[in-house]
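Thanks for coming, everyone. I'll walk through one structure today, and I'll keep it brisk.

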Amino acid sequence: MKPSKAKTVFDVQAIRRDFPILGRQVHGKPLVYLDNAATTQKPRAVIDALVHYYEHQNANIHRAIHTLGEEATAAYEETRAKVSQFINASRPESIVFTRSATEALNLIAYAWGRANVKKGDEIVLTQMEHHSNMVPWQRLAQEVGATIKYIGVSDEGTLDLDGLDDIITEKTKLVSVTQVSNAFGTINVLDKIIAAAHRRGALAVVDGAQSVPHMPVDVQAIDCDFLAFSAHKMLGPTGVGVLYARYELLEEMEPFQSGGEMISRVRLEGASWNDVPWKFEAGTPNIADVIAFGAALDYLSALGMDNVRAHEQELTAYALRRLRQLEDIIIYGPQDTSRRGGVASFNYPDIHAHDVGTILDREGVAIRAGHHCAQPLMRRFDMAGTARASFYIYNTLEEVDALIEGVEKARAFFSHASG
Ligand SMILES: Cc1ncc(COP(=O)(O)O)c(C=O)c1O
């Protein structure tokens with residue numbers, strides 16, 4: 001590939017060489033991977049960390065007295081410390097490893113929610129949440145007899161915060177909001193919402209699945225009580241999620257799942273719990289993938305999250321500028337890239353998003369088409385779904401050009417087919 005014309009803050013071509021998959025072809029064309037909001041590709045360092053673990057350290061953790069077990073335990077706990085530093089948690093014990101962001105959110109709903117949310121209480125969400133930050137709360141509300149209220153979404157695809165004081169009231173027990181919309185890319189300003197929640201004595205949960213991978217996130221500055229995200233959306237392996245919680249909350253909470261590892265003592269009559277955070281990590285965890293996630297965090301930290309954000313903002317601004325030049329296209333979310341992450345979500349009024357995605361795939365361009373696990377948001381805009389291109393550190397302006405060419409081809413093909 002020729003040198004990038006981007007004025008980027010880091011050497012994108014050097015980064016691309018770290019990702020073996022970016023060398024492959026799809027349908028005879030170079031792969032242009034623009035489905036990063038779904039999952040990102042993995043650098044060699046992460047793949048090597050997985051192989052290294054299995055070749056040199058494979059052992060169960062926290063219980064072995066042999067060398068392999070000690071090394072594996074140290075490497076696993078080192079990732080916890082890296083995660084803590086990455087989001088500026090006050091201590092590593094505030095970090096619980098789960099299977100995914102989804103499991104982290106379910107953990108809160110189960111372990112905190114069932115103990116603290118009662119009949120008549122209210123939970124506040126937004127209309128733009130991913131199903132993972134909606135369905136666990138709906139189930140909790142149904143079980144205990146609580147009510148869910150939703151912060152609405154404007155035509156621009158931003159949160160409508162007028163009337164926030166009528167939505168978050170003294171009945172509110174918990175407010176759970178995504179920091180960045182996976183469907184439109186909108187960056188939500190959380191200060192007002194979190195301050196309103198805390199004024200009413202409610203807790204604030206942040207879904208960081210689309211923010212932590214893409215911008216600096218500081219849990220102490222945001223002042224959230226919980227934060228959930230997934231390793232696979234930030235260069236790490238699948239099967240690892242993170243729950244950050246204020247340490248005191250984790251201490252108060254009852255366990256989520258039970259079994260080995262999470263206990264301190266078991267008698268025939270009952271059991272007592274391990275310390276935080278291990279109380280929430282029942283059974284053998286995903287050791288290899290957690291360790292390899294550490295390599296992903298090293299990779300992103302070396303680039304600098306401000307630089308990651310700046311690079312994505314440049315790509316997004318260029319993509320929006322080029323998309324806006326296409327006749328009839330509808331683009332969702334704020335046009336101002338300071339208020340949106342690395343996502344371009346769009347539609348043609350008369351072409352199904354899946355058809356656009358299929359034509360793009362034939363050109364080697366991978367995007368997502370559909371409801372993006374945000375059906376209520378799609379319904380708000382009276383549509384079944386959108387075509388979504390989402391960017392990451394290894395994407396180039398030339399790849400945005402390939403996207404635009406593919407979209408133009410789709411447009412021409414379907415106009416011809418229907419004309
Ligand atoms: C905003 C948001 N929240 C939660 C999730 C769930 O993440 P996972 O499927 O890794 O649990 C996603 C995944 O796309 C997401 O985009």
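Let me start with a definition. Two strands pair if DSSP finds at least two bridges between them. Helices (H or I, at least four residues) and strands (E, at least two) are DSSP runs, numbered from the N terminus.

A word on the source. This is a predicted model: local features need pLDDT of at least 70, side-chain atom pairs count only at pLDDT 80 or more, and totals for chains, interfaces and linings use all residues. Residues are numbered from 1 along each chain as its sequence is written.

Now the overall picture. The protein has 14 helices and 17 strands. Its C-alpha trace spans about 75 × 55 × 35 Å along the principal axes. A compact globule of 419 residues would have a radius of gyration near 22 Å, and the protein has 22 Å, so the two agree. That radius is taken over C-alpha atoms, and the globule rule is 2.2 Å times the number of residues to the power 0.38.

How many of the residues are buried? Of the 419, 47% count as buried. Buried means that 20 or more other C-beta atoms lie within 10 Å of the residue's own; exposed means 12 or fewer, partly exposed is in between, and C-beta atoms are placed from the backbone.

Next, contacts. Two residues are in contact if their C-beta atoms, placed from the backbone, lie within 7 Å. Take the contacts between residues at least 6 apart in sequence: 70% join residues at least 24 apart.

On to the sheets. Strands of a sheet pair through backbone hydrogen bonds, either parallel or antiparallel. One open sheet has seven strands, in the order 4-10-9-8-7-5-6, with mixed pairing. Which strands stand at the edges? They are strand 4 (95–98) and strand 6 (147–151); each has a single partner strand, so one side of each is left without a neighbour in the sheet. Neighbouring strands here are turned by 20° against each other on average, direction ignored. For such angles, axes are lines fitted to C-alpha atoms, for helices over the stretch in contact, and angles run from 0 to 180 degrees between N-to-C directions.

Look at the strand 6 edge. Strand 5 (residues 122–126) runs parallel to strand 6, and five bridges join them. Thr 126 has Ile 151 as its bridge partner in strand 6. Just before that strand sits Gly 145, in the loop between helix 5 (135–144) and strand 6. Gly 145 has 11 other C-beta atoms within 10 Å, so it is exposed. Beyond its neighbours within four places in sequence, Gly 145 is in contact with Lys 119 and Gly 120. Its C-alpha atom is separated by 9.4 Å from that of Glu 122, 23 residues apart along the chain.

The second open sheet has four strands, in the order 13-14-17-16, with antiparallel pairing. Strand 13 (330–332) and strand 16 (368–370) are the edges; with a single partner strand each, one side of each is left without a neighbour in the sheet. The average turn between neighbouring strands is 30° here, direction ignored. Four bridges join strand 14 (residues 343–347) to strand 17 (residues 386–390). Val 343 has Ser 390 as its bridge partner in strand 17. Helix 12 (residues 353–362) packs on this sheet, touching strand 14, strand 16 and strand 17; its direction makes about 160° with that of strand 16. Helix 11 (residues 305–324) lies across strand 13, strand 14 and strand 17, at about 15° to strand 14.

There is a hairpin too. Strand 11 and strand 12 form it, with two residues between them. Four bridges join these antiparallel strands. Val 266 stands opposite Ala 271.

Now the backbone oddities. Most residues other than glycine have a negative phi, and most peptide bonds are trans. A cis peptide bond joins Val 276 and Pro 277, with omega about 5°. Pro 277 is in the loop between strand 12 and helix 10 (287–303). His 27 has a positive phi of about 50°. With 10 C-beta neighbours inside 10 Å, His 27 counts as exposed. Asn 88 also has a positive phi, near 55°. Asn 88 has 14 such neighbours, so it counts as partly exposed.

Last, the ligand. Which residues are closest to it? Of the 13 that surround it, Ser 100, Thr 102, Asn 182, Ala 209 and Ser 230 are the closest. A residue is near a molecule if its C-beta atom, placed from the backbone, lies within 6 Å of it.
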